Amino acid sequence: MVNIYTDSENGYDGIANEYERWCTGDDNYEPSLKFYLEYLEAHNGPFLELGIGTGRIALEAIKLHPKHIVGVDTSANMLKKCEEKYKKLKGYSVVVGTLQLIKQKIENIEFCEEFEVVYLPFRTVGHIMTNTELEQVFKKVYNALLPGGSFVLDHYIFQKEWAETHNDVDIPMYSDPEKGITITDHYIYDFEREVMDCSIKLNERVIQTFNFRWIHPEVIGQAAFRAGFTIDKVYGDFDKSEFSKDSFDQIWVLRK
């Protein structure tokens with residue numbers, strides 16, 4: 001295997017061209033999109049999306065409603081894709097909202113009471129590798145929110161049996177035999193440290209690597225408390241079902 005991109009300051013630069021195909025292999029791809037769009041629809045904005053990527057949520061939101069969204073990401077390639085899609089939509093006059101993009105680490109954001117909603121979607125919180133950095137992000141988000149504003153984020157609940165079964169094997173994410181495209185994930189777990197080394201392969205060639213961690217609900221709750229948030233809701237699924245010990249996901253709605 002040839003590794004053409006490894007994790008760095010540049011986020012998902014290596015997967016940018018294949019991101020939309022890759023993430024469709026996630027069972028929560030559509031449910032999470034629906035959840036966030038419904039949440040944003042119920043609020044006026046402005047909004048801040050952390051880890052906006054290619055804009056799969058933000059662009060749908062501003063197509064539907066006159067919202068203003070600021071998107072932050074560390075990947076120049078992902079932001080470029082997002083900007084291209086935004087300009088294309090504007091050219092077709094199918095957007096009613098506005099979008100502003102910023103290349104920056106989410107732990108370095110410096111906003112003061114500017115947003116009604118800040119959201120960190122699609123398990124992006126798992127890229128925050130330490131509890132100290134997690135608390136820093138939560139405090140930055142708290143400062144960025146208007147009084148009464150909300151912070152919405154999601155992550156999975158770690159399933160050890162699934163992880164052991166899928167450890168150090170290729171996991172299919174996308175396939176198009178006619179075009180000769182296959183995308184797979186490969187995870188190597190460190191169960192003691194509660195982190196994983198992730199590789200994304202395009203036709204068996206590694207195009208992206210990154211580290212990821214699973215974060216237990218009590219850790220997120222503690223970070224929220226220390227930042228000054230109150231807990232509005234915790235869902236166990238994107239269908240807004242109640243969180244329980246049997247939940248596979250944790251979706252948090254925190255209030256300033």
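Here are some numbered notes to help you find your way around this predicted model.

1. Let's begin with the open sheet. Four strands build this sheet, in the order 6-7-8-9, and their pairing is antiparallel. At the edges you will find strand 6 (170–176) and strand 9 (205–213), each of which pairs on one side only. If you ignore direction, neighbouring strands here are turned by 20° against each other on average.

2. Now step through the sheet from strand 6. Strand 6 and strand 7 run antiparallel and are joined by 6 bridges. One pairing to look for is Asp-170, whose bridge partner in strand 7 is His-186. The hairpin of these two strands has 4 residues between the strands, and in this hairpin Gly-180 takes a positive phi near 70°.

3. The next step goes from strand 7 to strand 8. These two strands also run antiparallel, with 8 bridges joining them. Here Asp-185 stands opposite Ile-200 in strand 8. Their hairpin has 4 residues between the strands, and Glu-194 is the residue to click on, with a positive phi near 60°. How many residues of strand 7 are buried? Of the 10 residues in strand 7 (181–190), 7 are buried, so the strand is mostly covered.

4. The last step in the sheet takes you to strand 9. Strand 8 (residues 195–202) runs antiparallel to strand 9, and 8 bridges join the two. Try locating Ser-199, which has Thr-209 in strand 9 as its bridge partner. As you look along any of these strands, keep a general rule in mind: side chains in a regular strand alternate between the two faces of the sheet.

5. Next come the charged side chains. Side chains of opposite charge can pair when their charged atoms come close. Across the whole structure, a search finds 14 salt bridges. One of them joins Lys-63 to Glu-60, with the closest N and O atoms 3.4 Å apart. Both residues belong to helix 3 (residues 58–64) and are 3 residues apart, about one turn of the helix. Lys-63 has a relative accessible area of 32% and Glu-60 has 28%. Both values fall between the 20% limit for buried and the 50% limit for exposed, so each residue counts as partly exposed.

6. Helix 4 (residues 76–91) holds another pair to compare. Glu-83 forms a salt bridge with Lys-87, and their closest N and O atoms are 3.6 Å apart. Within helix 4 the two lie 4 residues apart, about one turn of the helix. Is Lys-87 buried or exposed? Lys-87 counts as exposed because its relative accessibility is 53%, and the cut-off is over 50%. Its partner Glu-83, at 37%, counts as partly exposed.

7. Some salt bridges reach along the chain. Lys-256 pairs with Glu-113, the closest N and O atoms being 3.7 Å apart. This pair links distant parts of the chain, 143 residues apart: Lys-256 is in the segment after strand 11 (249–255), and Glu-113 is in the loop between strand 3 (98–103) and strand 4 (115–120). Lys-256 is partly exposed at 22% relative accessibility, and Glu-113 is partly exposed at 41%. There is also a network, in which Lys-34, Glu-38 and Lys-240 are joined by salt bridges that share partners.

8. Aromatic rings deserve a look too. The search finds 24 aromatic pairs in the whole structure. In one of them, Tyr-142 and Phe-229 have ring centres 5.1 Å apart and planes at 80°, so this pair is edge-to-face. Tyr-142 is in helix 5 (residues 131–144), whereas Phe-229 is in the loop between helix 7 (217–227) and strand 10 (230–235), 87 residues away. Phe-229 is buried, at 6%, while Tyr-142 is partly exposed, at 23%.

9. Another edge-to-face pair is Tyr-187 with Tyr-189, where the centres are 6.2 Å apart and the planes at 85°. Tyr-187 is buried at 14% relative accessibility, and Tyr-189 is buried at 10%. Elsewhere, Tyr-12, Tyr-19, Trp-22, Tyr-156, Phe-210 and Phe-212 form one aromatic cluster.

10. Finally, look for charges over rings. Arg-56 lies over the face of Phe-122, at 4.3 Å from the ring centre. Lys-256, the salt-bridge partner of Glu-113, has its charged end over the ring of Tyr-142, 4.9 Å from the centre.

Methods. Residues are numbered from 1 along each chain as its sequence is written. Side-chain values use heavy atoms; hydrogens and water are left out. Two strands pair if DSSP finds at least two bridges between them. Axes are lines fitted to C-alpha atoms, for helices over the stretch in contact, and angles run from 0 to 180 degrees between N-to-C directions. A salt bridge is a side-chain nitrogen of Lys or Arg within 4 Å of a carboxyl oxygen of Asp or Glu. Buried means under 20% relative accessible area, exposed over 50%, partly exposed in between (1.4 Å probe, protein chains only). Rings of Phe, Tyr and Trp (its six-membered ring) pair if their centres lie within 6.5 Å; planes under 30 degrees apart count as stacked, over 60 as edge-to-face and the rest as tilted. A charge sits over a ring if NZ of Lys or CZ of Arg is within 6 Å of the ring centre and within 35 degrees of the ring normal.
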